Amino acid sequence: MSDKPSFNVGDELIGPVRPVTPQRIEWYDSAMLSAATNELRQVGSNIHTDEEFARSEGFLAANADGMIMTNWCSEMLIRAFGLHYLEGGELRTKYIKPVYLGVPLSVRGRIKEATKQGNGSTMYAIDVWCEDGQGVKLVDGDAKVTVAGE
Amino acid sequence: MLGGYISDLEKGDVFKSVEYVVTPFMCSEYAHGTEETSEYFHSARNPAGRQMRPPTMIHVDKMRILEENCDKEKRIAGMKGPDARIHYEYHAKHHSAAYVGEKVVVTGHIVDKYVKRGRPYLWYYLEVSTSDGRLVTTYNDLTVLRYKVDGA
């Protein structure tokens, strides 16, 4: 990635393509607990890890924590914009449908606006989403990143 | 109402803040859990020259502040509330990065609580700053407090 990434309106960003697996759900939930406690932790039973409990709560089955997909969207933006995103970006994700085990997810983005600012920087508005193997959006969102000028 | 279950929180509730020092383990472990291999989060060998807290770790900060403010439902400690909740919307704005070794302070309040299509929603607003006052992240979060719709 360049120090000054440059994109045109309509340019596509390609993020990870990954199926949601029980291991990935466990990795995230355990990592979240470990980061919160500063020690290695293991997730217990919840709607993400326990089929029976998930059904009792009205879901068809156990499903992924939305933050897994948010992190994958964030990964795509880090690859595209680096520090510009990390130090001054913005990301919004909305979990519009449950993501069940085995669903092959593709993380995607598209530059919606590229606006030159008075100070020489460029503000990018980006559509961000995750879709399944049939192209159905399961997570929808947007991001903003300003890339400083020379 | 603070001090109860998460579903007891009400519009206007102001959280008691939490503080912690960002450690290499926290950053690396969280990134590892999402298969994020960017060196920003695993060591100082990156363009910033310091190991960085993943910005999405604001979700962990939400867990921390709920743990401090909801005595009947300490999720990190393994306690459960009356219903499973689901995260509906994440919206983080990065104002600066936080680095390993820095002490950060998490503050926040409940912006709103409402029912839509039979499901109760809770809207959180959180801020993360360094202990010397540099704003790191502002965050809006929408959570569905009960997925199951009564009578459905």
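A residue counts here as buried if 20 or more other C-beta atoms lie within 10 Å of its own, as exposed if 12 or fewer do, and as partly exposed in between, with C-beta atoms placed from the backbone. Helices (H or I, at least four residues) and strands (E, at least two) are DSSP runs, numbered from the N terminus. The model is a predicted one, in which local features need pLDDT of at least 70 and side-chain atom pairs count only at pLDDT 80 or more, while totals for chains, interfaces and linings use all residues. Residues are numbered from 1 along each chain as its sequence is written, and chains are lettered from A and ligands numbered from 1 in the order in which they are written.

On confidence, the predictor gives the complex an ipTM of 0.95 and a pTM of 0.95. Chain B averages a pLDDT (the predictor's confidence in each residue, from 0 to 100) of 95, and 98% of its residues score at least 70.

Now for the two chains. Chain A has four helices and five strands, laid out along the sequence as β-α-α-α-α-β-β-β-β. Chain B comes to two helices and five strands, and its order reads β-α-α-β-β-β-β. Taken along the principal axes, the C-alpha atoms of chain A fill a box of roughly 55 × 40 × 20 Å, and the C-alpha trace of chain B spans about 55 × 30 × 25 Å. The radius of gyration of chain B, taken over C-alpha atoms, is 16 Å, which agrees with the value near 15 Å for a compact globule of 152 residues; the globule rule is 2.2 Å times the number of residues to the power 0.38.

Buried residues make up 41% of the 150 residues in chain A and 36% of the 152 residues in chain B. Contacts (two residues whose C-beta atoms, placed from the backbone, lie within 7 Å) reach a fair way along the sequence: of those between residues at least 6 apart, 60% in chain A join residues at least 24 apart, and in chain B the figure is 68%.

Helix 1 of chain A (residues 22-37) has 16 residues and reaches 23 Å from its first C-alpha to its last, close to the 22 Å expected at 1.5 Å a residue; the expected span is 1.5 Å times one less than the number of residues. Its buried residues are A:Arg24, A:Ile25, A:Tyr28, A:Asp29, A:Ala31, A:Met32, A:Leu33, A:Ser34, A:Ala35 and A:Ala36. These pack against helix 3 of chain A together with helix 1 and helix 2 of chain B. Just after helix 1 of chain A, A:Asn38 takes a positive phi of about 60°.

Helix 3 of chain A (residues 66-81) also has 16 residues, and its end C-alpha atoms are 23 Å apart, in agreement with the 22 Å that it should span. As 15 of its 16 residues are buried, helix 3 of chain A is largely enclosed by the rest of the structure. A:Gly82, just after this helix, takes a positive phi of about 55°.

Turning to the strands of chain A, two of them pair if DSSP finds at least two bridges between them. Strand 1 (residues 12-19) and strand 3 (residues 104-116) run antiparallel, joined by six bridges, with A:Leu13 standing opposite A:Gly109. Strand 3 also runs antiparallel to strand 4 (residues 122-131), through 10 bridges, and here A:Lys116 stands opposite A:Thr122. Strands 3 and 4 of chain A form a hairpin with five residues between them, and A:Gly120 in the turn has a positive phi of about 95°.

A:Ile14 sits in strand 1 of chain A and is exposed, with 12 other C-beta atoms within 10 Å. Its C-alpha atom is separated by 19 Å from that of A:Thr146, 132 residues apart along the chain.

Between the chains, 37 residues of chain B are in contact with 38 residues of chain A. The elements of chain B that give two or more residues to this side are helix 1 (24-32), helix 2 (58-69) and strand 2 (86-94). Strand 2 of chain B gives the most, with eight residues. By class, the side of chain B that touches chain A has 18 nonpolar, 12 polar and seven charged residues, where Ala, Val, Leu, Ile, Met, Phe, Trp, Tyr, Cys and Pro count as nonpolar, Asp, Glu, Lys and Arg as charged, and the others, Gly among them, as polar. Strand 2 of chain A (residues 90-95) and strand 2 of chain B run antiparallel and are joined by five bridges; the bridge partner of A:Arg92 there is B:His91.
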